[in-house]
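Biologist: I have a chain to go through with you. Can we take it one question at a time?

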Amino acid sequence: MTTPVPTPAATLVPTLATAPAAARFGDLLAAEWIKIRSLRSTPWTIAVTILFVIGSAAVSALAYNENLADAGPGAQGPNGFLPFDAFPPAGYTALMLVAGSIGAVAVVSEYSSGLIRATTVAVPARGSVVLAKAVVVAALWTVVGAVISIGSFFVSQAVLDATNSGVPIGYPGVFRALVASALLAPVCALTGLGLGVLIRHSATSMVTSAFTLLMLPTLFSPSRRWSADLNHAMVSTAWRRLVQNWGAMPGSHTFTATVPGSWTVYVLWPLVAVALAVVVVRRRDV
């Protein structure tokens, strides 16, 4: 008679499914990059923005050349850097508007489509998701800002060279203006992203971003100290100070922002916006 062999107790216990490994931050970055490039409006908006801003720099330089020609044969171009030709306010106002809006849409689009529910189920660490979005948005708009800044400078100076008014890239103040103009895009995009997380509504987020970045600074006059301090804390004011190659005009009754203070504004706006977004997204439901 054959004696049955006892089955080990371990084999009687059903095997537990292995818990899925937590998503690595690199995986989150890859996922966020796929999301942002899958938005059909993103590449077209970026391309049009690049062409518009660089084109506005060329138009501004052409207008200066025409004004110089109308002044007569004895007129000469200035011996200083012309930030209003290389980096015209009209073009860079449009850049701020687009970067802030697209930064907000990078978040709000998930809420409007319902994709955010799948995202939070796959990655419960919502703060990490926001940080990954911020890194991808910052990297994308830094590249875009650098292309626009360098393109605006070289195109405008090529036009100004026709009247010997152009300056080389090594001219004092040029490098700071190039960096400030390149970083303006990611600063605005991250601010828009933070507002998108806080508001979670497409139209409201975009309008709030435009008002905060472009219209709010106009409410504060630089002629009074307290009002000037608030004005200097705005992104657009900081950018204008960093691209110009001079301080307060002699005899001026207005307060002028400092260069270190303007760089501080560049750091604080995106830092505070992303930090608030991380805190808020951890404390509320989807």
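Modeller: A term to begin with: helices are DSSP runs of H or I, at least four residues, numbered from the N terminus. Keep in mind that this is a predicted model.

Biologist: How many helices and how many strands does the chain have?

Modeller: From the N terminus on, the elements run α-α-α-α-α-α-α-α-α-α-α-α. The count is 12 helices and zero strands.

Biologist: What share of the contacts with a separation of 6 or more joins residues 24 or more positions apart?

Modeller: The chain has 286 residues, and 43% of them are buried. For contacts with a separation of 6 or more, the share from residues 24 or more positions apart is 81%.

Biologist: Which helix gives the most to the largest nonpolar core?

Modeller: That core holds 53 residues. Phe-87, Tyr-92, Val-137, Trp-141, Leu-184 and Tyr-266 touch the most other members. At least two residues each come from α3 (41-70), α5 (89-113), α7 (126-160), α8 (174-199), α11 (235-243) and α12 (259-283). With 12 residues, the top contributor is α8.

Biologist: Which residues is Tyr-266 in contact with, leaving aside neighbours within four places in sequence?

Modeller: Tyr-266 is among the core residues that touch the most other members. Its contacts beyond those neighbours are Ala-180, Leu-183, Leu-184, Val-187, Val-235, Ala-238, Trp-239 and Leu-242.

Biologist: How many residues are in the other core, the one with Ala-61 and Tyr-64?

Modeller: This core lies apart from the largest one. Val-159 and Leu-160 are also among its members. Its size is five residues.

Biologist: Why do the buried residues of α10 sit on the same side of the helix?

Modeller: Helix α10 spans residues 225-232, and its buried residues are Ser-227, Ala-228, Asn-231 and His-232. What covers them includes α11 and α12. They sit on the same side because their arc around the axis is only 135 degrees.

Biologist: Which helix supplies the largest share of the nonpolar surface patch?

Modeller: The patch covers about 510 Å². Its residues are Leu-198, Val-267, Leu-268, Leu-271, Val-272 and Leu-276. Leu-198 is found in α8. The largest share, five residues, comes from α12.

Biologist: Is Leu-198 buried or partly exposed?

Modeller: Buried means under 20% relative accessible area, and exposed means over 50%. Leu-198 has a relative accessible area of 32%, so Leu-198 is partly exposed.

Biologist: Now the charges. What is the distance between the closest N and O atoms of Lys-35 and Glu-32?

Modeller: Both residues lie in helix α2 (residues 25-38). They are three residues apart, about one turn of the helix. Glu-32 counts as buried, at 6% relative accessibility. The two form a salt bridge, with closest N and O atoms at 3.2 Å.

Biologist: How many residues apart are Lys-35 and Glu-110?

Modeller: These two also form a salt bridge, at 3.3 Å between the closest N and O atoms. Both are buried. The pair links α2, with Lys-35, to α5, with Glu-110, and the separation is 75 residues.

Biologist: Which residues do shared salt-bridge partners join into one network?

Modeller: Glu-110 also meets Lys-133 in a salt bridge, at 2.0 Å from N to O. Glu-110 lies in α5 and Lys-133 in α7, so this pair ties together parts 23 residues apart in sequence. Lys-133 is buried too, with a relative accessible area of 6%. Through shared partners, the network joins Glu-32, Lys-35, Glu-110 and Lys-133.

Technical notes. Residues are numbered from 1 along each chain as its sequence is written. This is a predicted model: local features need pLDDT of at least 70, side-chain atom pairs count only at pLDDT 80 or more; totals for chains, interfaces and linings use all residues. Side-chain values use heavy atoms; hydrogens and water are left out. A nonpolar core is a set of buried Ala, Val, Leu, Ile, Met, Phe, Trp, Tyr and Cys residues joined through side-chain atoms within 4.5 Å. Buried means under 20% relative accessible area, exposed over 50%, partly exposed in between (1.4 Å probe, protein chains only). Contact means heavy atoms within 4.5 Å. The arc is that of the directions from the helix axis to the C-beta atoms. Patches are made of residues with over 30% relative accessible area and no salt bridge: like charges are joined within 9 Å, nonpolar side chains (Val, Leu, Ile, Met, Phe, Trp, Tyr) within 5 Å. Accessible areas come from the Shrake-Rupley method with a 1.4 Å probe; for residues, only the protein chains shown count as cover. A salt bridge is a side-chain nitrogen of Lys or Arg within 4 Å of a carboxyl oxygen of Asp or Glu.
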